[in-house]
Amino acid sequence: MRDTWPLLEQIAFPPIRRGRLDTLQVNVGYRCNQSCVHCHVNAGPSRAEEMTAEVVDVVLAFLARRRVATLDITGGAPELNPHFRALVHAAREMGVRVTDRCNLTILEVPGQEDLAAFLAREQVEIVASMPCYLEDNVDRQRGQGVFAKSIRALQQLNALGYGRDGSGLVLNLVYNPQGPSLPPPQDALEADYRRVLGEHYGIVFNRLFTLANMPIKRFGSMLAIKGELDRYLGVLRDAHADANLDHVMCRNLISVDWRGFVYDCDFNQMLDLPLAGPAGFGGRGRIHLSDLLDADLSDNPIRVAGHCYGCTAGQGSSCGGALVS
């Protein structure tokens, strides 16, 4: 796999600083039942990294001490971590809003037959990868048969109340472009998803999030091999909008890896760019979440480079979709 960091680190990006922390994003492991082309984590069935019970306890201690509003759980397929359900239940007991970044096909993996019911019982918000409403496009990006499995999973979630008005069970879908291009306008694409998925499969959902593909890991390597990396970076830089800088997710979120080390965002985690410690942390090297139980990160500088244009190009891109309509 080709490393895109040597090129990205040479590209300047406007300096930005942290605001108030409201989201703790935790990657509980890189193991996944899929190996998607666009995956910036390079997740797959052969990955063995996963968060231990001891690190889960640190996460829960941080949530309790800092009163963080949202726990955003990601992976790999986060549900494959043996401590996933304990983490979810304990966080919900604290009143923390929990989101699960779900690939949908995990609901059909042996041993996960009761997963959908568990998520509904805990009122977990599901953010589900669904990169297109057309079967050929999804299977090309995520693997043969994935579209059909995803449709069955969405129908199962709908049957439990997910995505339905008044249920309190939130189901959001995620779109990624097929290649090195920016996502189309989020609102218009959401209308297309509602129409096609509703008319053909009876599926309902709350929102569609459009995300730009990051030029790192598996996707970045693919672009480099095809000779398309420079062009895509040019697309992102040319579409940069300064107005998006105030709304990028790293201003109000920190990312925690499976070992408990902290980064400004999930993308910096994948590039192994640790969080720069706040005042008084000089010389500590990597910052562990346990080091931050009483630390104030407000106004802390965020580590940036060329990949950050993926969040500020066009309508902007974040874990919550477009930054502007």
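This section describes salt bridges, a helix pair and two buried residues in a predicted model.

The structure contains 14 salt bridges. Side chains of opposite charge can pair when their charged atoms come close. One of the salt bridges joins arginine 18 to aspartate 264, with a separation of 3.2 Å between the closest N and O atoms. This pair connects distant parts of the chain, the two residues being 246 residues apart. Arginine 18 is located in the loop between α1 (5-8) and β1 (23-27), whereas aspartate 264 occupies the loop between β8 (262-263) and α10 (266-270). Arginine 18 has a relative accessibility of 5% and counts as buried, because the threshold for burial is a relative accessible area under 20%. Aspartate 264, at 0% relative accessibility, is likewise classed as buried.

A second salt bridge is formed by aspartate 72 and arginine 101, whose closest N and O atoms are 2.9 Å apart. Here the pairing links strand β2, which holds aspartate 72, with strand β3 (residues 97-102), which holds arginine 101. The two residues are 29 residues apart, and the pair is again one that links distant parts of the chain. Both aspartate 72 and arginine 101 are buried.

The salt bridge between glutamate 50 and arginine 31 has an N to O distance of 3.5 Å. Glutamate 50 and arginine 31 are both placed in the loop between β1 and α2, 19 residues apart. Glutamate 50 has a relative accessible area of 28% and is therefore partly exposed, since this value falls between the limits of 20% for buried and 50% for exposed residues. Arginine 31 is also partly exposed, with a relative accessible area of 30%. In addition to these pairs, a network of salt bridges links Asp187, Glu190, Arg194 and Arg207.

Helix packing was examined for α2 and helix α3 (residues 84-93). The axes of these two helices come within 11 Å and cross at roughly 15 degrees. The helices are therefore roughly parallel, as the crossing angle lies under the limit of 35 degrees. The crossing of α2 past α3 is right-handed. On the α2 side, the contact is made by Val56, Val59, Leu60 and Leu63; on the α3 side, Leu87, Ala90 and Ala91 take part. The residues of this contact comprise 7 nonpolar, no polar and no charged residues.

Valine 68 follows in the loop between α2 (53-66) and β2 (70-74). With a relative accessible area of 5%, valine 68 is buried. Its contacts, not counting residues up to four places away in sequence, are with Leu21, Asp22, Thr23, Leu24, Phe62, Leu63 and Val96. Among these contacts is Leu63, a residue of α2 that also takes part in the meeting with α3. The C-alpha atom of valine 68 is separated by 13 Å from that of serine 255, which lies 187 residues away along the chain.

Threonine 312 belongs to helix α11 (residues 309-312). The relative accessibility of threonine 312 is 0%, so the residue counts as buried. When residues up to four places away in sequence are not counted, threonine 312 touches Phe13, Ala239, His240, Ala241, Asn244, Leu245 and Val248.

How values were computed:
Residues are numbered from 1 along each chain as its sequence is written. This is a predicted model: local features need pLDDT of at least 70, side-chain atom pairs count only at pLDDT 80 or more; totals for chains, interfaces and linings use all residues. Side-chain values use heavy atoms; hydrogens and water are left out. Helices (H or I, at least four residues) and strands (E, at least two) are DSSP runs, numbered from the N terminus. Buried means under 20% relative accessible area, exposed over 50%, partly exposed in between (1.4 Å probe, protein chains only). Contact means heavy atoms within 4.5 Å. A salt bridge is a side-chain nitrogen of Lys or Arg within 4 Å of a carboxyl oxygen of Asp or Glu. Axes are lines fitted to C-alpha atoms, for helices over the stretch in contact, and angles run from 0 to 180 degrees between N-to-C directions. Angles under 35 degrees count as roughly parallel, over 145 as roughly antiparallel, 65 to 115 as roughly perpendicular and the rest as oblique. A crossing is left-handed if the near helix is turned anticlockwise from the far one by less than a right angle, and right-handed if clockwise. Ala, Val, Leu, Ile, Met, Phe, Trp, Tyr, Cys and Pro count as nonpolar, Asp, Glu, Lys and Arg as charged, and the others, Gly among them, as polar.
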